[in-house]
Amino acid sequence: MKNNKNIYALFGNPVEHSLSPVMHNAALKEMKIDARYIAIRVENAREITRKIKEMNIRGASITIPHKTAVMDYLDEVSESSMMIGAVNTLTFTDGRLEGDNTDWTGFTLALKESIEIEGKTFAILGAGGAARAAVFGILQEGGTPVILNRTVTKGEKLAKEFGCDFHPISEVEKIKADCLINSTPAGMFPDMEISPVRAETLSNFGCVMDMIYNPLKTRLLKDAQEAGCSVISGLPMFIYQGAEQIRIWTGLRPPLDLMKQVVLEELTNE
Ligand code: NAP
């Protein structure tokens, strides 16, 4: 493996069920880039930088639970990643490791396909890395985020950092907003009958986005559709954040339609 210049990788724990390898390998092949993208399970963030340097990995995606911890081992971190407090993209060039965050750009691109962000209010469920990217993206685009979280101290801390309102998630029925965004894993495969909020509360929102993409239609999105809301799955965010990673690594424009098609095939074949 040493000195192989053509490896890209996903680091996280777990990584076995990720669709990033399918999506990235299809894109790299179509782009005629002589490279492969592999998934590597790592126990700690220190291991990520060690492996990147040992294997000369050109670029990496970072997933749960290392998005914040890995920042301590980088030579440079983008301004947006610093503000979000997480990176999901690493680039290794000339012995230097740089960190970026494409979750927020992927999120805003996906959201803007369905709803204008400027001047609108967004109720965000969760206060983890994905919620932080969403809050940052909404503020960048001139929207107003409202944070709802299960652990009050964590939600309050995030709200204070970005100057937003906070409510415990148990009070979601009191909130009215243009759009509700789920950035918790509640409802993700295999717990597909779970929803982070009761169906009765969904008529408070015109639009509901779930960042989960497996399943494509979560319990939350099914309930939202029944309540008359427009719905957005986590798939477009997943594709856009991955496409932006390829653009950062190669400087080239990735084949979005193909990336979406291969991920959809995997999701519908399960
Ligand atoms: P994280 O850092 O672990 O944060 C998870 C958040 O969800 C925490 O605030 C946690 O609340 C809350 N939570 C967990 N289980 C819950 C439950 N049963 N009920 C209510 N709240 C619950 O995770 P993350 O990195 O932000 O990722 C969150 C989700 O976003 C995952 O499903 C991930 O797959 C998805 N995501 C999707 C994309 C995409 O491209 N579509 C990109 C990034 C992330 P506490 O603070 O109380 O623990």
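Q: Which residues is aspartate 223 in contact with, leaving aside its neighbours within four places in sequence?
A: This is a predicted model. Aspartate 223 has its place in helix H7, residues 219-226. Leaving aside neighbours within four places in sequence, its contacts are Ser195, Ala199 and Leu202.

Q: Is aspartate 223 buried or exposed?
A: Buried means under 20% relative accessible area. Aspartate 223 has a relative accessible area of 12%. Aspartate 223 is therefore buried.

Q: Across which strands does H7 lie?
A: Aspartate 223 belongs to this helix. H7 runs at about 160° to E11. The strands it lies across are E10, E11 and E12.

Q: Which strands stand at the edges of the sheet with the order E9-E8-E7-E10-E11-E12?
A: Six strands form this open sheet, and the pairing is parallel. An edge strand here has a single partner strand, so one side of it is left without a neighbour in the sheet. The edge strands are E9 (165-168) and E12 (230-232).

Q: By how many degrees are neighbouring strands of this sheet turned against each other on average?
A: The order of the strands is E9-E8-E7-E10-E11-E12. With direction ignored, the average turn between neighbouring strands is 20°.

Q: What is the bridge partner of leucine 125 in E8?
A: Strand E7 covers residues 121-125, and strand E8 covers residues 144-149. The two run parallel, joined by five bridges. In E8, leucine 125 is partnered by leucine 148.

Q: At what angle to E9 does helix H6 run?
A: Helix H6 spans residues 152-162. It lies across E8 and E9. Its angle to E9 is about 170°.

Q: Is serine 183 buried or exposed?
A: Serine 183 is found in the loop between strand E10 (177-182) and strand E11 (205-210). Its relative accessible area is 13%. The cut-off for buried is under 20%. Serine 183 is therefore buried.

Q: Which backbone oxygen does the side chain of serine 183 reach?
A: Not counting residues up to four places away in sequence, serine 183 touches Ile124, Leu125, Gly126, Ala130, Ala131 and Met211. The side chain of serine 183 reaches a backbone oxygen at 2.7 Å. That oxygen belongs to leucine 125.

Q: How many residues surround the ligand?
A: The closest are Ala127, Ala130, Asn149, Thr151 and Met211. Ala130 and Met211 are also among the residues that serine 183 touches. The number surrounding the ligand is 24.

Q: What share of the ligand's accessible area does the protein cover?
A: An oxygen atom of the ligand is 2.5 Å from an N or O atom in the side chain of threonine 151. For the side chain of arginine 150, an oxygen atom of the ligand is 3.0 Å from an N or O atom. A nitrogen atom of the ligand is 3.1 Å from a polar backbone atom of glycine 234. On its own the ligand has 940 Å² of accessible area, and the protein covers 79%.

Q: Which strands stand at the edges of the sheet with the order E2-E1-E3-E5-E6-E4?
A: This open sheet has six strands and mixed pairing. Each edge strand has a single partner strand, so one of its sides has no neighbour in the sheet. The edge strands are E2 (36-41) and E4 (76-77).

Q: Which residue in E2 stands opposite leucine 10?
A: Strand E1 covers residues 7-12. Six bridges join E1 to E2, and the two run parallel. Opposite leucine 10 stands alanine 39.

Conventions:
Residues are numbered from 1 along each chain as its sequence is written. This is a predicted model: local features need pLDDT of at least 70, side-chain atom pairs count only at pLDDT 80 or more; totals for chains, interfaces and linings use all residues. Side-chain values use heavy atoms; hydrogens and water are left out. Helices (H or I, at least four residues) and strands (E, at least two) are DSSP runs, numbered from the N terminus. Buried means under 20% relative accessible area, exposed over 50%, partly exposed in between (1.4 Å probe, protein chains only). Contact means heavy atoms within 4.5 Å. Two strands pair if DSSP finds at least two bridges between them. A residue is near a molecule or strand if one of its heavy atoms lies within 4 Å of it. A polar contact is a pair of N or O atoms within 3.5 Å; within protein, one must be able to donate a hydrogen and the other to accept it, and residues adjacent in sequence count only if both atoms are side-chain atoms. Accessible areas come from the Shrake-Rupley method with a 1.4 Å probe; for residues, only the protein chains shown count as cover. Axes are lines fitted to C-alpha atoms, for helices over the stretch in contact, and angles run from 0 to 180 degrees between N-to-C directions.
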